[in-house]
Amino acid sequence: MKTQVLGDGVAAMMLASNADKLPNHTISVVHPDNAPMARDHMLGFWNMDGLDLAVDSSRASWSNWAIITNTNKSVLHSEKHAYHIMHKANYLQNCRNKAEEHGVDFIEQADMTTDGRSLTFDSRPPTASNNAILQHFIGQEVEVDKPVFDTSTAILMDFRVDQSEGMHFIYLLPYSPTQALVESTLFTTTVLEREFYTNAIETYLLDHYGASIIDVIHEEQGVIPMGALSPHDSKIPGIGANAGAIRPASGYTFVFIHQQIQRAIEASKQGKPLRFKRPHKSVDVWMDAVLLTVLRNWPQQGPKLFARMAASLTGDEFVQFMSGHANWRLRFKVIMAMPKLPFIKGVSKHIFQRPQKVVS
Ligand SMILES: Cc1cc2nc3c(=O)[nH]c(=O)nc-3n(C[C@H](O)[C@H](O)[C@H](O)COP(=O)(O)OP(=O)(O)OC[C@H]3O[C@@H](n4cnc5c(N)ncnc54)[C@H](O)[C@@H]3O)c2cc1C
């Protein structure tokens with residue numbers, strides 16, 4: 001069957017690179033009208049089974065990662081599930097090479113088939129609710145004036161920065177003793193002026209490493225909506241972030257797109273219609289919603305929550321939880337690690353709060 005994917009980002013290209021596993025579908029990737037200019041950015045993920053192409057596309061990886069607050073530092077470790085970073089553009093190109101080998105077509109939206117005999121999936125971004133919590137950040141790949149970075153450990157969250165605008169942390173991936181990707185990231189409802197993030201990066205490097213930036217090699221920025229989202233166009237079935245792949249409380253998406261596509265391929269092999277479902281379990285979505293309610297109402301609790309979670313889990317457990325593979329024992333362990341009062345308040349506020357209005 002003729003199968004078209006509207007959009008040529010991660011989900012569309014990951015599906016296209018797997019076209020050989022869908023022999024009953026002739027896949028076309030469609031570049032949408034009004035698509036913004038493609039911009040490269042870094043994509044991070046923990047290595048899991050089936051992510052070989054991503055691992056091959058990665059630029060660096062770390063078996064240790066840290067979460068740091070004013071009072072705590074947890075360093076987690078996993079040999080099997082290292083944290084990888086890749087250029088999105090590099091991954092998309094590697095997917096494209098595979099897709100072309102499998103005979104996938106690349107077309108413009110004007111050339112799409114619009115009759116009822118073909119399947120169309122939409123990978124254009126979903127819309128966020130009014131006043132949704134956003135994960136917003138600016139990242140700079142910097143060269144600093146002295147060798148200060150510990151290349152053995154990626155820093156996922158360092159909360160030792162200005163918390164006056166809401167929950168704020170630095171994400172730091174050390175490529176060499178003098179080179180790192182450093183991102184200033186907030187989980188709040190309002191995107192800030194560029195200077196806030198760039199000043200935060202500069203101040204952090206000076207305060208905690210005594211280092212000054214001598215060169216900004218690359219800069220990227222992102223705004224990832226968190227919580228419940230609505231499809232780009234409710235008449236077209238979605239794929240990727242547009243079919244619920246963004247993990248509501250972390251913003252991690254890549255690994256969930258992989259799970260979503262693999263499950264759709266398995267179902268198709270069993271003769272079921274091709275469809276891309278939300279890859280998260282309902283209980284995980286519920287736990288994330290409570291966490292977001294706590295962060296929305298009591299953002300000062302954020303550093304403590306993430307620090308306690310990191311301190312209570314092994315590296316492998318942390319990866320399982322973040323990648324949607326938690327079992328009940330692990331979920332219980334996470335719940336037990338949380339400060340109780342904010343969570344009890346968060347659960348009751350989440351239950352009684354009104355659903356957010358969707359902005360289109
Ligand atoms: C700077 C940045 C860093 C990120 N880092 C990570 C990370 O480390 N790990 C992780 O898991 N996730 C990360 N994400 C989330 C990341 O976007 C997803 O993992 C992944 O790209 C989602 O794939 P997708 O195919 O659903 O959407 P995309 O890859 O965004 O593809 C969307 C498609 O829709 C098209 N499109 C977009 N807007 C329009 C429009 N208005 N009209 C028409 N077409 C449109 C685009 O051209 C593209 O073809 C990051 C996002 C950003 C912006």
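**Exercise 1. Determine the order and the pairing of the strands in the 4-stranded open sheet, and place α1 relative to that sheet.**

Solution. The 4 strands of this open sheet follow the order β8-β2-β1-β9, and their pairing is parallel, where two strands count as paired if DSSP finds at least two bridges between them. At the edges lie β8 (105–108) and β9 (119–122), each of which pairs on one side only. From one strand to the next the twist averages 25°, with axes taken as lines fitted to C-alpha atoms, for helices over the stretch in contact, and angles running from 0 to 180 degrees between N-to-C directions. Between β1 and β2, which run parallel, there are 5 bridges, and Gln-4 stands opposite Ser-28 in β2. Onto this sheet packs α1, which touches β1 and β2 and whose direction makes about 155° with that of β2. The helices (H or I, at least four residues) and strands (E, at least two) named here are DSSP runs numbered from the N terminus.

The structure is a predicted model, in which local features need pLDDT of at least 70 and side-chain atom pairs count only at pLDDT 80 or more, while totals for chains, interfaces and linings use all residues. Residues are numbered from 1 along each chain as its sequence is written.

**Exercise 2. Establish how many residues of α1 are buried and which elements they pack against.**

Solution. A residue is called buried if 20 or more other C-beta atoms, placed from the backbone, lie within 10 Å of its own, exposed if 12 or fewer do, and partly exposed in between. By this criterion α1 is mostly covered, with 8 of its 8 residues buried, among them Val-10, Met-13, Leu-15 and Ser-17. These buried residues pack against β1 (2–6), β2 (26–31), α2 (52–57), α3 (88–101) and α5, a contact requiring that the C-beta atoms of two residues, placed from the backbone, lie within 7 Å.

**Exercise 3. Describe the shell around the ligand by its residues, its elements and its domains.**

Solution. The ligand is surrounded by 27 residues, of which Gly-7, Gly-9, Ala-11, Gly-222 and Gly-240 are the closest; a residue belongs here if its C-beta atom, placed from the backbone, lies within 6 Å. At least two residues of the shell come from each of α1 (10–17), β3 (42–46), β15 (213–225) and α5 (254–269). By class the shell divides into 14 nonpolar, 10 polar and 3 charged residues, with Ala, Val, Leu, Ile, Met, Phe, Trp, Tyr, Cys and Pro counted as nonpolar, Asp, Glu, Lys and Arg as charged, and the others, Gly among them, as polar. Domain 1 (2–61 + 83–128 + 226–269) and domain 2 (134–225) each contribute at least three residues to the shell, the bounds coming from an automatic or database domain assignment.

**Exercise 4. Characterise how domain 1 and domain 2 meet.**

Solution. Besides these two domains, the protein has a domain 3 (282–352). Taken over C-alpha atoms, the centres of domain 1 and domain 2 are separated by 28 Å, and 10 residues of domain 1 are in contact with 10 residues of domain 2. The side of domain 1 that touches domain 2 consists of 8 nonpolar and 2 polar residues, with no charged residues.

**Exercise 5. Find the strands that pair with β7 in an antiparallel manner.**

Solution. Strand β7 (residues 83–87) is joined to β3 by 5 bridges, the two running antiparallel, and here Phe-45 has His-84 as its bridge partner. Strand β4 (residues 58–62) is likewise antiparallel to β7, through 4 bridges, and Ser-58 has Met-86 as its bridge partner.
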